[in-house]
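Student: Please give me a close look at one part of this model, the cavity lining, and then set it beside the strand pairing and the cysteine bonds.

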Amino acid sequence: MNQKHFLAKILLCGLSALALSHCKIPYEPKLKSTDTNALVVEGFIDGSSPISFKLSRSRKLTTGDTASPGSELNARVIVEDDHQDAYPLTEAGNGIYSIASVININSAYQYRLHIFTANGEEYLSDYVAAKVSPAIDSIGRALQNGGAQIFLNTHDPANATRYYRWSCTETWEFNTPFYSSYEYDPSNNTVIPRLVQINTCWRSDTASLIFLGSSANLSSDVISQMPLAFIPQHDPKISVLYSILVTQYALDVNAYNYWLAMANNTQNIGSIFDPQPNETPGNIHCVIHPAELVVGYVSAGNSSVNRTFISNASMPNGWNLPSDCIDTLVPNNPAAFKLFFSVLYDPVMQVYLPGGLVFYSASIKPCVDCTLTGTNVKPSFWP
């Protein structure tokens with residue numbers, strides 16, 4: 001092969017590789033678009049806190065559909081035991097049904113949920129035994145992978161629990177970079193002293209992940225360093241003070257297997273080696289149409305809770321990132337007020353310049369007003 005033919009072959013190969021690298025066609029799977037409208041039941045018959053259930057309906061499955069399920073309204077929801085006791089729940093809106101007071105769960109009884117929907121359907125969960133959760137021993141943290149890993153320790157000295165589920169609610173305090181002493185009054189286009197602070201706020205978030213643990217294959221009923229929330233470095237959740245409230249539920253093996261399948265369907269689908277999605281039956285059934293799909297699993301018992309706090313002072317130096325918020329000066333006149341404060345900026349403080357000129361320092365609203373992403377009402381449990 002002469003040099004000219006050799007160079008031509010190299011060029012052809014290069015062009016072919018370049019063409020292949022730019023001919024990637026996105027794959028859009030053809031999903032089965034079925035509006036199941038299945039009833040979805042979320043909650044726990046708890047003897048340690050007020051009972052609350054959420055009823056909703058599944059949505060039509062379409063590519064890119066991220067809307068929330070529709071709430072099931074105007075239903076009658078009743079907790080029943082196998083000794084003819086009934087505890088009706090009150091509708092609170094948005095598909096939430098609850099009891100204000102804590103009911104006494106008898107570990108010798110069995111319990112179920114009874115639902116009558118507005119369209120005349122009736123649903124019953126299977127009777128389940130009430131299981132008492134042991135106390136949570138501790139909630140700790142470890143610095144790893146560039147962040148803070150929150151973990152839990154628990155055990156049952158009677159070796160009677162074996163199957164566990166946890167839910168987590170995080171709450172954190174945070175501050176805006178600027179403390180505002182003034183506010184804009186749009187009714188008369190003036191700046192007036194601020195009476196309610198908007199610099200310090202709190203925000204809460206309930207984890208959507210399913211946390212499960214089992215000691216069924218261990219000689220002792222011990223759960224050690226169960227990983228829960230992970231907080232990356234520089235996350236503002238620990239910019240001042242952070243709290244996590246963990247609720248622990250004791251499950252039977254059937255409930256554990258249901259939640260494990262749900263976790264596999266929703267959380268462990270990142271690769272071809274993960275479990276394949278499947279339709280997981282719960283323990284709730286339609287009385288008139290037994291074959292109807294109902295999503296959910298009702299368990300009963302006494303939960304246990306534990307809360308811990310983590311302060312910013314306990315974190316390594318450099319946890320908080322420097323603020324990129326800047327301020328600007330706004331002239332003390334109505335035209336400037338309307339231009340700056342009606343939409344994008346909030347006033348911060350008065351600034352006096354030489355010659356008697358008065359300005360207001362200001363910054364964009366997210367740098368001043370924490371109520372845009374939280375509440376300035378301090379939680380009752382906050383120190």
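**The cavity, a sheet and the disulfides**

Tutor: Strand β10 contributes the most to the lining of the largest cavity, giving three residues. The model is predicted, so to speak of local features requires pLDDT of at least 70 and side-chain atom pairs count only at pLDDT 80 or more, whereas totals for chains, interfaces and linings use all residues. Residues are numbered from 1 along each chain as its sequence is written, and side-chain values use heavy atoms, with hydrogens and water left out. Strands here are DSSP runs of E with at least two residues, and helices are runs of H or I with at least four, both numbered from the N terminus.

When the whole structure is searched, one cavity of 30 Å³ or more is found. A cavity is a set of points, on a 1 Å grid over the protein atoms alone, where a 1.4 Å probe fits but cannot get out; its lining residues have an atom within 4 Å of a point. Grid points are joined across faces, edges and corners, and the volume is the space filled by probe spheres set on the points. By that reckoning the largest cavity holds about 40 Å³. Its lining consists of V128, A129, K131, A250, L251, D252, A255, S299 and A300. The elements that supply two or more of these residues are β10 (128-132) and β19 (241-251). By class, the lining comprises six nonpolar residues, one polar and two charged. Nonpolar covers Ala, Val, Leu, Ile, Met, Phe, Trp, Tyr, Cys and Pro; charged covers Asp, Glu, Lys and Arg; the others, Gly among them, are polar.

Turning to strand pairing, an open sheet is formed by three strands in the order β11-β12-β18, with antiparallel pairing. Its edge strands, each paired on one side only, are β11 (136-144) and β18 (222-232). From one strand to the next the twist averages 25°, the axes being lines fitted to C-alpha atoms, for helices over the stretch in contact, with angles from 0 to 180 degrees between N-to-C directions. Two strands pair if DSSP finds at least two bridges between them; β11 and β12 (residues 147-155) are joined by eight. One such bridge sets R141 against I150 in β12.

Two disulfides are present, a disulfide being a pair of cysteine sulfur atoms within 2.5 Å. In sequence order, the bonded cysteines of the protein chain pair as 1-4, 2-3. In one disulfide, the sulfur atoms of C201 and C370 lie 2.0 Å apart. The S-S torsion of C201 and C370 is about 60°, which makes this disulfide right-handed. Because C201 lies in strand β16 (residues 200-206) and C370 in the segment after β26 (357-364), the pair ties together parts 169 residues apart in sequence. Buried means under 20% relative accessible area, exposed over 50% and partly exposed in between, with a 1.4 Å probe and protein chains only. C201 is buried at 0%, and C370 counts as buried at 1%.

In the other disulfide, C325 is joined to C367, S to S 2.0 Å. The S-S torsion of C325 and C367 is about -80°, so this disulfide is left-handed. C325 sits in the loop between β23 (304-311) and β24 (328-331) and C367 in the segment after β26, so the pair links parts 42 residues apart in sequence. C367 counts as buried, at 5% relative accessibility. Relative accessible area is 2% for C168, which is buried, and C286 is likewise buried at 2%.

Notes: On a 1 Å grid over the protein atoms alone, a cavity is a set of points where a 1.4 Å probe fits but cannot get out, and a pocket is an open set with protein on both sides within 12 Å along at least five of seven lines; lining residues have an atom within 4 Å of a point.
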